[in-house]
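Here's a quick tour for anyone opening this structure for the first time. Have the viewer ready and follow along.

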Amino acid sequence: MDKPLPLQCTSLNFREFQFAQAMLFALEEINNSTDILPGISLGYKFYDVCGSIARGVRVALALANGNELVSAPSEEPCTRPAQVQAIMGETSSSPCMAISTVIGPFHIPLISHFATCACLSDKTKYPSFLRTIPSDYYQSRALAQLVKYFGWTWVGAIRTNDDYGNNGMAIFTETAQQLGICLEYSVAVFRTDPPDKLQKIVDIIKASTSKVIVAFLSHMDMDVLIHKLSHHNLTGYQWVGSESWIFDSHTAAMDRHHILDGAIGLFIPKAHVSGMREFMLDVKPLNSSSNELFAEFWETLFSCKFKQSKSSAGNLTECTGDEDVTGVHNSFTDMSLMPIFNNVYKGVYAVAHALHNILSCKQKCNKVQLDPFMILQNIRKIRFKTKEGDEVYFNENGDPVAKYEIINWQPTENGIVDFVTVGLHDASLPADKQLNLQNKSLIWAQNSQQVPLSVCSERCPPGTRKVLQKGKPVCCYDCLRCAEGEISNATDSITCLRCDPEFWSNERRNACVKKEAEFLSYEEIMGALLTAASLFGTCMTAVVAFIFFRYRQTPIVRANNSELSFLLLFSLSLCFLCSLTFIGRPSEWSCMLRHTAFGITFVLCISCVLGKTIVVLMAFRATLPGSDVMKWFGPAQQKLSVLGFTLIQVIICILWLSISPPFPFKNFKEFKDKIILECALGSAVGFWAVLGYIGLLAMLCFILAFLARKLPDNFNEAKFITFSMLIFCAVWITFIPAYVSSPGKFSVAVEIFAILASSFGLLICIFIPKCYIILLKPEKNTKKNMMGKGAPK
């Protein structure tokens with residue numbers, strides 16, 4: 001196998017050169033200051049690692065071993081080739097991890113200005129690492145909160161395939177899941193990936209339905225990806241970016257197809273360091289033979305060649321070294337990354353303050369043994385303010401406080417992107433107050449003024465609930481309408497709430513409305529008709545009673561036991577009137593009254609009919625020779641029999657009311673959307689005992705009347721009693737199944753109808769034929785005709 005070729009640095013990175021200039025500016029300020037490290041000058045040495053992890057580790061080992069070359073050794077007693085006290089850099093997270101792992105056992109401080117991977121906060125792995133930029137732990141969570149704030153629950157994710165991107169996206173994904181955000185896809189990219197892998201990423205974006213892309217990319221990887229996306233004109237996507245590229249003017253300049261227009265993301269707060277801009281632009285090349293780095297920088301900046309350059313100048317102009325830097329417009333003269341330069345500045349000052357604290361014993365420097373561990377411990381404890389008022393300190397993980405500005409890419413008319421600060425994020429505040437968007441107009445993808453929509457499924461409106469789609473993330477769901485009796489009064493409800501028993505869901509299923517209370521009322525047609533029938537029966541009974549009273553001395557009235565007839569008419573009027581107690585809203589008293597009144601009045605009625613039937617039978621027996629049966633069932637005995645039969649029913653009703661009386665009851669089961677107000681029976685035994693006793697007397701009366709129906713009297717009352725009892729029994733036999741099967745108020749109507757029908761049957765069958773003779777056939781109303789001894793001619 002061939003030995004791999006040594007690493008070659010092929011180009012100059014202006015951004016890294018700017019960072020070096022920022023470090024030089026801080027060192028020059030400190031060395032010229034009388035407030036910090038007076039009389040002591042800080043030295044430095046630059047190493048170009050060309051973005052290589054291996055080269056970075058090699059340089060770090062050389063610095064740790066103290067065998068780096070010293071260009072100008074001094075004979076002064078307090079200066080000597082010493083082991084390096086601190087390392088500034090690296091810019092990226094992965095090289096920092098490797099370097100910190102190597103120099104960690106030596107306790108040499110490594111202070112980075114731009115390495116944000118949260119993994120570097122682990123002090124067991126990276127004990128000597130510190131940084132002046134916040135950890136991605138906070139940035140990733142802030143990005144997730146930002147995505148949630150705008151209602152984007154269905155997003156794509158692209159990350160740099162290194163420690164920075166992988167760790168940052170892992171924290172974002174975890175936080176996103178907690179906030180209800182789903183990732184449609186999550187792909188990794190690296191600047192050295194082959195074209196076919198980049199094409200796969202393009203195909204994934206094209207096939208996706210999400211319109212928001214969270215890009216946790218380094219600026220170099222974003223530049224490569226933008227170049228690839230430009231060939232496919234993939235515009236219209238809303239980009240959400242990390243601090244590495246969201247504020248990078250070079251990336252904005254590369255985006256000639258406006259793919260990233262309207263991008264939003266996080267960047268460390270703007271900063272201003274007085275004098276730094278002028279210092280960085282006031283750079284002059286040294287002799288190329290003594291400082292190749294500056295010479296290469298100058299040649300790259302002005303596209304020229306020094307005469308002393310080893311390479312051929314070709315067609316390039318010759319550099320003089322007096323060219324005007326301020327007249328050049330490129331990434332070096334762009335000062336938009338001043339917050340990062342400020343991070344370099346603060347890192348250098350942190351080391352200086354730590355050294356100042358150690359050397360403040362005012363003893364001679366040769367008596368102070370500088371130790372990297374001592375410097376590291378002092379850097380962790382320092383707390384100072386820069387000349388601009390920025391407070392600098394490190395927490396227990398070597399991280400600064402996490403504050404971000406929310407940046408929005410807003411294209412201008414001349415095609416240049418304006419990085420507009422539209423909000424702030426402060427991780428030190430409570431979770432609900434960390435994100436604060438200012439009242440500024442935002443520009444979204446394709447210069448839209450409307451917040452783009454990126455969801456897998458539309459939000460479920462009130463009245464529906466979310467049902468997950470099989471095999472898809474939780475953000476993909478169907479909206480299912482709530483069932484009857486259930487509601488959801490919030491958007492995106494996962495469950496429907498069942499209404500209380502007295503309430504029901506409205507048509508839209510977003511509110512519970514009070515159920516309609518249903519009972520047989522006087523206002524409705526059925527209640528009014530039954531009330532009219534009850535009053536008509538009462539009036540009709542009163543008319544019959546008046547007729548009987550008016551003609552009480554006539555044979556037909558006297559022959560049919562007038563006292564029992566009047567008592568029967570009175571009981572019938574009570575039967576008609578008791579039906580009114582079944583109409584209206586049930587109450588405690590009406591429930592007890594309606595059943596007991598019905599039971600007692602009907603027993604009184606049937607007892608009277610039974611008495612009349614027995615009188616007819618006894619009267620026939622009394623006509624037989626030698627019979628004295630009527631003396632055993634005279635008027636007194638008739639009244640006592642009626643009283644006795646009725647008293648039994650009264651006792652049954654008293655027991656019923658004492659043990660378990662009827663009570664008002666709200667029936668929720670009969671109808672889903674209605675409340676049936678009815679009277680619960682209390683004791684079903686009591687109810688059926690009342691009905692059974694009425695049925696027993698009715699059957700007894702029917703049997704006796706049936707036996708007496710063919711007695712030889714001209715006007716046989718037993719015949720009419722038979723018909724009335726037949727109607728009575730038929731009505732109440734059919735009542736039972738009708739009552740049981742009728743829902744709600746109809747069961748009450750059935751019961752009222754049975755009361756009225758049986759009452760009308762008794763009234764019509766027993767009394768109407770007599771009224772007909774009294775009023776229309778008076779010639780038949782004679783004693784002779786009643787005895788069947790003659791008929792008028």
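## Two helices that cross

Keep in mind that this is a predicted model. Start with helix α4 (residues 136-149) and helix α5 (residues 163-178), whose axes come within 8 Å and cross at roughly 45°. That crossing angle makes α4 and α5 oblique to each other. As for its hand, the crossing of α4 and α5 is right-handed.

Which residues meet here? On the α4 side they are D136, Y137, S140, R141, L143, A144 and V147. Facing them from α5 are Y164, G168, I171, F172, T175 and A176. Sort the residues of this α4 and α5 contact by character and you get 8 nonpolar, 3 polar and 2 charged.

## A second pair of helices

Now look at helix α2 (residues 53-65) and α3. Their axes come within 9 Å and cross at roughly 30°. With that angle, α2 counts as roughly parallel to α3. The crossing of α2 and α3 is right-handed.

From α2, the contact draws on I53, G56, V57, A60 and L61. From α3, it takes S94, P95, A98, I99, V102 and I103. The residues of the α2 and α3 contact divide into 9 nonpolar, 2 polar and no charged.

## A strand under cover

Next up is strand β6 (residues 212-216). Is it covered or open? Mostly covered, with 5 of its 5 residues buried. In a regular strand, side chains alternate between the two faces of the sheet. In β6, V212, V214 and F216 point one way, while I213 and A215 point the other way, and all are buried.

What does β6 pair with? One partner is strand β4 (residues 154-160), which pairs with β6 in the parallel sense over 5 bridges. Within that pairing, V212 of β6 is the bridge partner of V155. Strand β7 (residues 238-241) also pairs with β6 in the parallel sense, over 4 bridges. There, I213 has W239 in β7 as its bridge partner.

## A three-strand sheet

Elsewhere, 3 strands make up an open sheet, with parallel pairing and the order β1-β2-β3. β1 (87-88) and β3 (129-131) stand at the edges with a single partner strand each, so one side of each has no neighbour in the sheet. Strand β2 (residues 110-112) pairs with β3 in the parallel sense over 3 bridges. One bridge to look for joins I111 to its partner L130 in β3.

## A glutamate in a loop

Find E90 in the loop between β1 and α3 (93-103). Is E90 buried or exposed? E90 has a relative accessible area of 15%, and buried means under 20%, so E90 counts as buried.

Leaving out residues up to four places away in sequence, E90 touches V49, G51, P95, C96, I99, L110, S112, H113 and A115. Of these, P95 and I99 also turn up on the α3 side of the contact with α2. You can also check R131, which sits 41 residues from E90 along the chain, with 10.0 Å between the C-alpha atoms of the two.

## The whole chain

Finally, zoom out. The chain comes to 21 helices and 24 strands. Of its 793 residues, 50% count as buried. Among contacts with a separation of 6 or more, 67% are between residues 24 or more positions apart.

Conventions. Residues are numbered from 1 along each chain as its sequence is written. This is a predicted model: local features need pLDDT of at least 70, side-chain atom pairs count only at pLDDT 80 or more; totals for chains, interfaces and linings use all residues. Side-chain values use heavy atoms; hydrogens and water are left out. Axes are lines fitted to C-alpha atoms, for helices over the stretch in contact, and angles run from 0 to 180 degrees between N-to-C directions. Helices (H or I, at least four residues) and strands (E, at least two) are DSSP runs, numbered from the N terminus. Angles under 35 degrees count as roughly parallel, over 145 as roughly antiparallel, 65 to 115 as roughly perpendicular and the rest as oblique. A crossing is left-handed if the near helix is turned anticlockwise from the far one by less than a right angle, and right-handed if clockwise. Contact means heavy atoms within 4.5 Å. Ala, Val, Leu, Ile, Met, Phe, Trp, Tyr, Cys and Pro count as nonpolar, Asp, Glu, Lys and Arg as charged, and the others, Gly among them, as polar. Buried means under 20% relative accessible area, exposed over 50%, partly exposed in between (1.4 Å probe, protein chains only). Two strands pair if DSSP finds at least two bridges between them.
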